[in-house]
Amino acid sequence: MRNSELARALDRIADLLELDEADGFRVNTYRRTARTIRGVTEDIAVVAAENRLTDLPGIGKSTAQKIQQFVTTGHIDVLDELDAKYPPGLSRLMQIPGMGPKKAALVHSQLGVTDVEGLKRIIASGELEKLPGLGAATVKKIAEGLKFQESFGERTPLGIALPVAEVFAQKIRELPGVARAEIAGSLRRGMETIGDIDILCAACPCEPVLQAFIKFHGVKNVLAAGPTKASVVAEMENGREIQIDLRAVENESYGAALQYFTGSKEHSVRLRERAIARMWSLNEYGLWDGKIRVAGAEEEEIYSKLGLPFIPPEIREDRGEFDLKSTPQLVTLADIHGDLHLHTKASDGRFTIEEMAVAARGLGYAYIAVCDHSKSSTIANGLTIERMREHLDAIREADKRIDGIGILAGCECDILPDGSMDYPDEILAACDWVVASIHSGITRTTKGLSPTDRTLAAIENRWVSAIGHPTGRLIHERPAMEIDMDAVVKAAARTGTILEINANWHRLDLKDVHARQALAAGVDLVINTDAHHMEEYRQMRYGVFTARRAGATPGRVVNCLSQNDLRKRIARKRDGELLHSKAGLFQP
DNA sequence: GCCGTTTTCGGCCCGACTGTTTTCAGTCG
């Protein structure tokens, strides 16, 4: 947890430096460093202790010293000084859409406002409007931004935002004059949560398209509408609001614009630097040699002219992708041949084995693994040993009876607080595939081993094929268990235990950086939906996004194997056959 | 605050939109 604490502290320094009107590049350095730290899977205290901080990109002597101070004392001098100077609520003011550091500093210095409540008061009293450089329109914007932030709260999960974006993108494609349209931004990169929806379209003329867009059903509020771009707030089915930006360009610029609006910002900055090194410039209209457009219509051209292979959107994070010599063939949904974690009526699922199997066959899958809960998961109607024996027979019978899909007999076996498995080895051995998961004591209120030790104990069990949702986190709902991921991936690599990317958008667990770490250590992955309902099979794509962000190729995802090869792969761990170590696309 | 295929100093990505400005600053992505 220490890394995220440090990243938060660095981001806070950046916020406060902005208020302090510090040099923007200096501010940016802190933000970049925070981002780098978030991507580091090693404990930053270890990196610091071994004097390897300056090996990290963008970290120099000065930042390294501050990090050293943080890991040894929990403080950073410059942060303490800034904290003494500015009230804590002020950085929150800066987060309000329409407010930035300048306006936050202004209301603080002129009107003594220190927090959101104070801001609301001066909006109501009319004092804000009288400040120099502000007017009625700006105040209205800030008031709306405040309202939006309160209703919107936090970033929107991928699984909520993507379907909304797809509906809007399709409606835009159907407008007259639109040649093509695509979802860009962090959604295209498959991030687990997103700030807003970015859509790009090629259209001529642009303006009628933008005018139609701001009148779409579901649009609650228009934030901006110019000749080439418009921003709106739309209401989603769950009543929450989300911002949607539409940008329209001419077809010759589509590729450059798509690259630019896909980001990440850090990736795009690196690309522009490459352009400058070639005496060119890159903007959203194209790659330019003076006034001559060298490339622009297609993204591939931009990368190619800059001497790079095409880089898939999911790995555009400036985390090593510029060193790639060729375009990696990352796993796609089409590579997935089966779902190896799903539930039936036998425990807490909604459908029978047959119904789940037929639905999977309809998706083109070659196999599934039925993995109902084990006996200790009483709230999930976990199966007693007796019921489990009968269930295994029922699965085998269904496998024989139903054509066109293989059904593996599996279970999702609880890892108990003492690290033992919820079923005896005899039952696990009777299964074709065993997912071991922690469901109890996640917050560690129960007595027993640490979550790390429980996971390690399960990994050492030869019958355990995979660890399910390894950190137990629920996005926005429950933090991850404190898992020593270094220890877990090492043990998994040594034993041939597979780690799951749980594709359910509430979980996406392993998350991208951990999956990347696992791949680098030689661990194979499985992407499962944990479906309790056949509709949930559709969530596979979210897990694929995460796997792609980790740099996973089909060869490293076991449910891309044929059924025969999958069974062989499972047997290799059971037989204690040491797996040769495989390198990942990226180092951790 | 970082960093080096013109550099150890002087750069550091680029453009759209809005509002309040009478030529541009602030914010956003």
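Begin by selecting DNA strand B together with whatever lies around it in this predicted model: 42 residues surround the strand, and the closest are Gly60, Gly100, Lys102, Gly135 and Gly226, where a residue is near a molecule or strand if its C-beta atom, placed from the backbone, lies within 6 Å of it. Because the model is predicted, local features need pLDDT of at least 70 and side-chain atom pairs count only at pLDDT 80 or more, while totals for chains, interfaces and linings use all residues. Residues are numbered from 1 along each chain as its sequence is written, and chains are lettered from A and ligands numbered from 1 in the order in which they are written.

Next, colour the elements that face the DNA. Helices (H or I, at least four residues) and strands (E, at least two) are DSSP runs numbered from the N terminus. Among the elements that each supply at least two residues of the surface near DNA strand B are helix H2 (24-39), helix H4 (61-73), strand E5 (219-225) and helix H14 (265-277). Which of them gives the largest share of this surface? That share, five residues, comes from H14. By class, the residues of the surface near DNA strand B divide into 16 nonpolar, 14 polar and twelve charged, with Ala, Val, Leu, Ile, Met, Phe, Trp, Tyr, Cys and Pro counted as nonpolar, Asp, Glu, Lys and Arg as charged, and the others, Gly among them, as polar.

**The five-stranded sheet**

Stay with E5 and select its sheet, an open one in which five strands follow the order E2-E4-E7-E6-E5 with mixed pairing; two strands pair if DSSP finds at least two bridges between them. Strand E2 (178-183) and E5 stand at the edges with a single partner strand each, so one side of each is left without a neighbour in the sheet. Neighbouring strands here are turned by 20° against each other on average, direction ignored, and such angles run from 0 to 180 degrees between N-to-C directions, the axes being lines fitted to C-alpha atoms, for helices over the stretch in contact.

Zoom in on E5 and strand E6 (residues 229-235), which run antiparallel and are joined by five bridges; Val219 stands opposite Ala234 in E6. Then add helix H10 (residues 158-173), which packs on the sheet and touches E2, strand E4 (197-203) and strand E7 (241-249), its direction making about 15° with that of E4. Helix H13 (residues 254-262) also packs on the sheet, touching E2, E4 and E7, and its direction makes about 175° with that of E4. Contact between two residues is taken to mean that their C-beta atoms, placed from the backbone, lie within 7 Å.

**Two cis peptide bonds**

Follow the chain to the loop between E4 and helix H12 (207-213), where Pro205 has its place; the peptide bond from Cys204 to Pro205 is cis, with omega near -5°. Another stop is the loop between H13 and H14, which holds Ser264, and here a cis peptide bond joins Gly263 and Ser264, with omega about -5°.

**The three-stranded sheet**

Now select the open sheet of three strands in the order E8-E9-E10, whose pairing is antiparallel. Its edge strands are E8 and strand E10 (292-295), each of which pairs on one side only, and the twist averages 40° from one strand to the next. Strand E9 (residues 286-289) is joined to E10 by three bridges, and Asp289 stands opposite Ile292 in E10. H14, already met beside the DNA, packs on this sheet by touching E8 and E9, and its direction makes about 150° with that of E8.

**A pair of helices, and a last loop**

Select helix H19 (residues 451-460) and helix H20 (residues 485-495), which pack at an angle of about 5° with their axes 10 Å apart. Are the two roughly parallel or roughly antiparallel? This angle makes H19 roughly parallel to H20, since angles under 35 degrees count as roughly parallel, over 145 as roughly antiparallel, 65 to 115 as roughly perpendicular and the rest as oblique. Show the side chains of the contact, including Leu456 and Ile459 of H19 and Val488 and Ala491 of H20; the residues of this contact divide into six nonpolar, three polar and one charged.

Finish at Leu508 in the loop between strand E16 (498-502) and helix H21 (512-520), where phi of Leu508 is near 40°, a positive value in a residue other than glycine.
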